[in-house]
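Welcome! Take a moment to look over the structure below, and then we will walk through it together.

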Amino acid sequence: MVLQLQEISKYFPGVKALEAVSFDLQPGEVHALCGENGAGKSTLMNILTGNLQPDAGTILLHGQPTRINGPAHAAELGIAIVYQQLSLTDALSVAENIFANQQPRNAWGFIQYAKLYGQTRALLQDLQIDYIQPKQLVADLSPAEKQMVEIAKALAKKPRILLLDEPTASITARETKTLFTLIKNLKKEGKSIIYISHRLPEIFEIADRVSVLKDGHYQGTQPIAAVTPENLIRLMVGRDLLGHDQASGATNQELLRVVNLAGPGFANLNFTLHKGEILGLAGLIGAGRSEMAQTLFGYLPRQQGQVFINGQEVFIHHPAEAIAAGMGYVPEERKSQGLFLDRTITENVVAANLAAAAPSGYFDFRIAQTLALEYKEKLQIATPHVQQVVRNLSGGNQQKVVLAKWLLTNPEVLLVDEPTHGIDVGAKSEIYQLLRQLATAGKGILLISSELPELLALADRILVIRQGTIRGELPGCQTTEEEIMALASW
Amino acid sequence: MRKLFQDRVTSLSITILLICLLASLIFPKNFPTFENLSQVLLNLSIDTIVAVGMMLLLIAGMFDLSVGSVVAFSGGLAANLMFFHQVPVPVAILAGLLSAILIGWVNGYLIAYQGVNPMIQTLAMLGIVRGGALLVAGANIQNLPYWFNAIGQARLLGIQMPVWYMLLTVAVFSVLVNRTVFFRRYYYIGGNEKAAELSGILVKRMKLYAFVLSATLAGIAGILLASRLGAAMSTLGRGLELRVITAVILGGASLQGGVGKIPGALLGALFMGLVANIMIIARISGLWQDIILGIILIAAVWLDLYLQKQSRGNSKI
Amino acid sequence: MRKLFQDRVTSLSITILLICLLASLIFPKNFPTFENLSQVLLNLSIDTIVAVGMMLLLIAGMFDLSVGSVVAFSGGLAANLMFFHQVPVPVAILAGLLSAILIGWVNGYLIAYQGVNPMIQTLAMLGIVRGGALLVAGANIQNLPYWFNAIGQARLLGIQMPVWYMLLTVAVFSVLVNRTVFFRRYYYIGGNEKAAELSGILVKRMKLYAFVLSATLAGIAGILLASRLGAAMSTLGRGLELRVITAVILGGASLQGGVGKIPGALLGALFMGLVANIMIIARISGLWQDIILGIILIAAVWLDLYLQKQSRGNSKI
Amino acid sequence: ELPPRQKAATPEGTILTTVENDQIRPDEEYVMVTTAISMPMYVNHDQAAFKRWGQKMGVKTAILGPSEWDVPAQIETIEQVIASRPAGLLINGTDPGIAQAINKAVAAGIPTVVYDSDVPNSKRHAFLGTDWYQIGLMQGEEMVRLTGGQGKIAYMGILGLTNMEAGFQGLLDVLKKYPKMQVVGKYDDKANVELAAKITSDVLAAHPDLAGICGFDSNSGPGIALAVKEAGKAGKVKITTVDWEPEHLQLVKDGVIQMLAGQKRELFTWYGAQFLFDMVHRTNRLSSNDAASGITNVPTTINTGLLRITKENVDQFLKK
Ligand SMILES: Nc1ncnc2c1ncn2[C@@H]1O[C@H](COP(=O)(O)OP(=O)(O)OP(=O)(O)O)[C@@H](O)[C@H]1O
Ligand SMILES: Nc1ncnc2c1ncn2[C@@H]1O[C@H](COP(=O)(O)OP(=O)(O)OP(=O)(O)O)[C@@H](O)[C@H]1O
Ligand SMILES: [Mg+2]
Ligand SMILES: [Mg+2]
């Protein structure tokens with residue numbers, strides 16, 4: 001047994017994040033950890049890396065009771081983690097981020113930069129992401145690229161135990177495949193891996209055993225062969241999920257038309273979005289989909305082209321104008337672009353529509369709170385109260401807060417960039433339903449997603465983007481993942 | 001009880017009450033008199049009016065080091081116009097305020113729209129405007145018109161006017177910042193500028209407004225100070241910027257932005273004013289003043305943190 | 001060509017070279033002389049030594065307002081010991097440095113481990129240490145031992161020693177900060193404190209060290225200044241903190257942390273020193289100096305931004 | 001409630017705390033309010049003499065004021081002190097702007113004496129000090145003598161202070177009379193030694209033929225001297241400045257500074273305090289009730305005169 005957790009508990013004010021959780025990890029195993037948003041998975045990982053100290057329970061490492069003092073200590077013990085929340089420093093290069101605090105140095109303690117870049121290049125090649133340069137600044141990477149760097153950073157420590165907290169949440173199928181190859185190699189070397197993901201197919205593909213957490217309680221461990229997706233979901237959610245195959249409500253009425261739009265990283269964008277339609281944008285990392293959405297939304301400068309909403313040309317130079325024109329944008333990076341981490345749920349929910357909480361002209365906290373409560377119920381945000389600071393929410397619940405913020409603006413056209421990033425299966429199906437409902441109500445939704453099953457399940461049509469241009473259009477209900485990938489890559 | 005210490009406004013209020021109580025016990029003849037306390041308020045009125053603007057800037061994650069010079073300049077310009085050019089009092093005041101608005105606009109424009117570093121911009125502006133104050137006020141302008149002096153020297157209910165103006169400013173801005181959509185945006189800007197922009201807040205424009213507002217309040221403070229003193233001096237408001245920022249941070253703001261409440265500006269200034277007053281009453285002089293004030297400042301902040309930690313429980317992060 | 005303007009160290013070097021060139025052309029007799037330039041360097045040597053420590057703090061996302069007082073205190077303490085207690089020169093210097101280390105340690109401990117706001121902590125410490133400087137050097141101490149004075153007054157290759165110490169400090173710290181794992185951690189801390197912590201960096205301890213280091217450099221600067229003057233005065237180093245922070249930000253640091261390079265500290269100080277020098281050579285006197293210096297500062301920063309934007313193309317961040 | 005209109009500058013209000021003759025009340029306290037309270041020159045001269053006086057008379061003394069040069073803060077301190085009714089107030093006349101506060105004290109019946117620079121528009125009972133214009137004249141005349149009436153002169157001090165501007169005026173009025181004397185610049189050293197040194201070395205670079213520099217604040221002298229020494233021009237560039245702190249005296253002895261215009265600061269506060277005492281104790285009664293008759297029983301204005309310290313007499317001061 002590499003690692004054993006015995007009766008670990010952790011409490012936050014008003015939240016029992018973990019309640020007597022026990023769990024063990026064997027050498028050379030991939031152990032999946034499942035659970036809804038806020039079930040306590042990340043908290044458990046934080047305990048294993050010494051960021052948090054358990055309120056009760058013991059950790060046995062190689063049979064020895066161990067107190068893990070902090071991330072530095074965890075690294076010494078051979079535990080490395082890919083955090084759900086990125087742990088990179090924007091102002092430094094990729095190489096320095098990967099080898100943070102353990103840059104190769106000579107006998108004098110001086111950093112050997114040539115070696116540093118060399119090792120980084122080798123590592124990036126292993127991960128098949130050598131389109132990222134070692135000297136590139138992390139600030140210039142897209143979220144998906146950052147996620148890959150984060151993975152590289154954990155691997156650079158050559159850990160014996162690797163913790164992966166939703167590593168695939170923002171990367172595409174291609175990177176996922178590389179990651180899995182890597183995991184299999186590590187397994188062969190006898191390393192142990194804890195793998196957290198909300199994507200069940202991944203778990204069935206890679207895991208040897210699976211453990212389930214629910215509301216901080218341990219629900220048991222089983223070999224993967226002994227479970228089916230259905231009973232896994234039942235363990236996690238406590239009920240069966242409703243099928244979400246709903247009929248498309250797409251009409252032929254044009255809502256949004258984009259003509260020859262060009263912006264940073266893309267050009268010649270032409271498409272039409274109809275009322276009631278969900279239009280999917282598929283593509284690999286760096287295809288430029290986020291840039292398209294942000295340009296449409298007025299956040300990035302438009303270089304040329306026209307945008308029509310309901311047949312009227314709109315001139316959008318700032319998100320404020322986009323909102324006024326009836327658009328909403330759920331950004332892909334919730335932490336830096338979507339949330340006010342140190343403010344409460346209430347304040348986040350009303351951020352894009354403060355007027356909604358000020359019907360009399362005066363901002364009214366109680367109205368804001370009522371609105372927040374309404375969305376807390378609607379999206380099932382797991383939190384004791386809406387005055388909770390968003391930083392203290394689990395990743396998935398944070399994502400729901402961002403969604404709530406945009407739903408409150410009641411947009412005609414909703415641009416959603418990786419909307420289910422880090423969201424559990426239960427909530428995901430709720431969000432799918434919600435997006436469907438919005439479409440049925442006559443809204444248009446532009447769905448950017450790297451999760452192909454999601455696109456296939458939701459989109460009426462799928463545009464495949466490669467290198468900033470549309471490479472093809474596929475009907476959502478009839479196409480396959482292979483077909484999309486064929487268009488998205490060479 | 002526990003909740004109290006999570007909010008700086010409450011915890012500072014309690015601290016201030018305790019200090020007053022203690023001082024009343026030790027100096028029953030000199031401290032708790034109407035004369036003394038109204039004087040304390042009068043002395044912090046100018047700083048507090050500036051501090052309200054500074055609080056708003058800090059909420060939005062910015063600050064302005066040029067306010068001290070603006071205090072000298074606006075008063076100096078008004079005095080110059082009244083004294084040397086016989087301009088009517090209201091016109092002169094308006095000119096002083098307009099000059100402050102212009103300074104704020106330049107600061108705001110260069111910082112928000114051109115991306116100049118706020119520290120360098122406002123520090124450079126501090127020098128420029130101080131030079132301007134020397135130009136308009138020379139060494140000293142005295143014998144200002146009666147009605148101008150009356151603004152700051154008149155009394156209401158036995159308390160000199162600047163105190164009332166200060167209370168009015170704090171009250172108005174407390175309500176505005178708490179209750180209007182416009183001002184609430186500053187919390188979002190200070191919390192996460194990018195997310196604020198993406199939430200449809202015109203961040204640049206709002207920043208510009210904040211600098212204009214803060215400079216305007218400094219302009220008002222400058223006019224009041226000149227009127228209260230019956231004189232304009234080019235050295236007025238020297239060092240005021242750091243004093244005000246300290247008061248505002250003590251009152252719950254943070255240089256990182258996103259937090260703070262307007263009454264905190266008053267409470268921070270009040271705390272420092274009371275400590276200074278008690279040191280005067282206790283006849284602590286010279287170098288000990290700085291030493292003791294420093295120790296009290298650190299102790300107050302440390303205590304607040306300690307109580308907060310206690311009330312939050314032992315949770316990390 | 002384009003890359004050049006992305007790095008403040010390069011762009012500032014070019015600006016400084018251009019300024020020197022221009023000044024040499026316009027004032028060929030007065031500006032490009034050995035006496036003038038070596039004197040300019042001498043005058044900025046003390047500031048720059050302090051600025052190196054400040055740069056490190058700013059890289060780590062912090063700053064220290066108490067350095068000016070530390071300059072006065074360390075020199076004052078050493079002088080006091082030598083003059084009144086006949087302590088040998090090296091021991092007295094050591095005592096001065098130890099006092100600086102202690103001050104830095106207190107700052108660092110309270111800020112890093114107790115979470116006291118850095119602005120309030122170091123501002124309060126500024127007052128406390130200034131009081132301390134008055135206690136040890138109140139009457140201004142003269143007639144210091146020959147060997148003490150020699151430290152700052154000796155010359156090497158015709159240039160006074162403080163210039164060499166400054167160059168040494170800048171060179172050593174440039175290499176250290178660029179090339180050692182220990183010092184590079186400050187970039188991580190300043191860039192993203194939480195991420196740094198998660199990467200296994202002992203953030204609190206590193207912060208404490210940074211304050212100790214910055215205070216130590218201020219202590220060295222203080223000893224040098226006293227030795228250069230041949231006297232210790234309690235008023236030395238007044239206003240130095242803002243001057244130094246301005247220089248450091250001009251040299252490429254940011255109050256947000258995570259960016260900056262050690263040579264930037266020297267370049268920032270050099271820029272300001274040269275501008276002041278040229279203004280006086282150009283016969284600009286009195287109050288216009290502040291005004292023009294302010295305008296040049298803003299213009300320099302604005303130009304740098306403009307060139308950066310050009311070289312980056314029109315991409316938004 | 002509007003403030004009273006400005007009246008003629010005569011003291012008003014009755015002195016409340018009069019005490020018969022030499023009996024000293026146990027709570028008889030004399031308070032001195034200054035600005036830049038921790039400036040060494042103030043501490044070592046004004047404040048030291050005031051304390052000595054208090055000890056000799058057996059009365060309480062207190063010295064209050066902000067630690068930096070901050071006139072509004074000094075005014076605030078005066079106003080707060082009034083509330084505690086001291087027996088007498090000794091005020092450093094840093095700026096005419098403190099007139100309001102002085103009048104408040106006078107109106108409250110507190111004997112109030114101003115020292116150093118006068119506050120002409122106030123109702124102060126007495127003033128002792130020097131005329132800063134005279135300091136300027138003295139420096140100018142000395143500079144003319146030292147340079148033989150020709151050459152380039154620069155001067156520095158704290159710009160914007162009323163007393164210093166008067167000093168500057170005195171200097172300029174002398175130099176005006178000598179057409180061969182050329183003023184090349186007025187500089188703000190912000191009472192900072194390092195800045196004074198910086199400015200001086202820059203001025204020396206700009207004018208290698210500079211004949212002399214005049215300094216007007218306490219820190220000008222050491223700063224100017226440092227830069228002149230470092231440029232190897234000690235004695236060649238003439239320096240006159242104010243104040244006679246140990247470092248100033250040493251520099252005179254070393255021949256770097258040629259003349260100091262010193263003030264008799266001890267006399268300001270010693271006799272200032274004595275005036276207060278005499279008002280409180282009505283030592284010299286001029287009428288049955290001096291306050292009621294609108295007169296004071298102490299001198300109204302006293303000029304304590306200046307010290308001229310040069311290499312010839314500096315040893316006497318160093319040995320003090
Ligand atoms: N610092 C904190 N303070 C208060 N509550 C917290 C804190 N950190 C986590 N929580 C709460 O603990 C619970 C568990 O959170 P955790 O992040 O472990 O969930 P998770 O299983 O990783 O969810 P997700 O799948 O959404 O990432 C949540 O209810 C969360 O709100
Ligand atoms: N701030 C930036 N500066 C420079 N280049 C950037 C920046 N942000 C993104 N890029 C680059 O622009 C390209 C497009 O990135 P983008 O995130 O839009 O891709 P995407 O199709 O949305 O991919 P994803 O599936 O990751 O969302 C990438 O090559 C990325 O490296
Ligand atoms: Mg999680
Ligand atoms: Mg993207």
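Before we visit the metal site, one definition helps: donors are N, O and S atoms within 2.8 Å of the metal, or 3.2 Å for Na, K and Ca, and water is not among the atoms, so sites may look incomplete. Please also keep in mind that this is a predicted model.

With that in hand, turn to chain A. The magnesium ion (ligand 4) is coordinated there by Ser290(A) through OG and by Glu332(A) through OE, listed twice, at 1.9 to 2.6 Å. Ser290(A) belongs to helix 9 (residues 289-296) of chain A, while Glu332(A) sits in the loop between strand 16 (327-330) and helix 11 (334-338) of chain A, so the pair ties together parts that are 42 residues apart in sequence. Are these two residues, Ser290(A) and Glu332(A), buried or exposed? Both are buried.

Next, move over to chain D and look for its sheet. Six strands form an open sheet in the order 2-1-3-4-5-11, and their pairing is parallel. At the edges you will find strand 2 (60-64) and strand 11 (301-303) of chain D, each of which pairs on one side only. From one strand to the next, the twist averages 15°. Packed on this sheet is helix 9 (residues 265-280) of chain D, which touches strand 1 (29-33), strand 3 (88-92), strand 4 (112-116), strand 5 and strand 11 of chain D. The direction of this helix makes about 170° with that of strand 4 of chain D.

It is worth zooming in on one edge of the sheet. Strand 5 (residues 126-129) and strand 11 of chain D pair in the parallel sense over three bridges. Within this region, Gly129(D) has Asn303(D), in strand 11, as its bridge partner.

Now let us see how chain D meets its neighbours. The size of an interface is often given as the accessible area lost when the parts come together. Between chain D and chain C, about 3000 Å² is buried, with carbon and sulfur atoms giving 48% of it. On the chain D side, Glu194(D), Asp202(D) and Glu230(D) lose the most area to chain C, together 21% of what that side buries. Five salt bridges are counted between these two chains. In one salt bridge, Arg228(C) joins Glu230(D), with the closest N and O atoms 2.6 Å apart.

Chain B offers another partner. In this contact, 39 residues of chain B meet 40 residues of chain D, and about 3400 Å² is buried between the two chains, 50% of it on carbon and sulfur atoms. Tyr146(B), Ile280(B) and Arg283(B) supply 20% of the area that chain B buries against chain D, more than any other three residues.

Methods:
Residues numbered from 1 in each chain as written. Chains lettered and ligands numbered in written order. Predicted model: local features only at pLDDT ≥ 70, side-chain atom pairs only at ≥ 80, totals over all residues. Heavy atoms only, no water. Pairing = 2+ DSSP bridges. Helix = DSSP H or I, 4+ residues; strand = E, 2+ residues; numbered from the N terminus. Axes fitted to C-alpha atoms, helices over the stretch in contact; angles between N-to-C directions. Contact = heavy atoms within 4.5 Å. Buried < 20%, exposed > 50% of the residue type's maximum accessible area, 1.4 Å probe, protein only. Buried area = accessible area lost by both parts, 1.4 Å probe. Salt bridge = Lys/Arg side-chain N within 4 Å of Asp/Glu carboxyl O.
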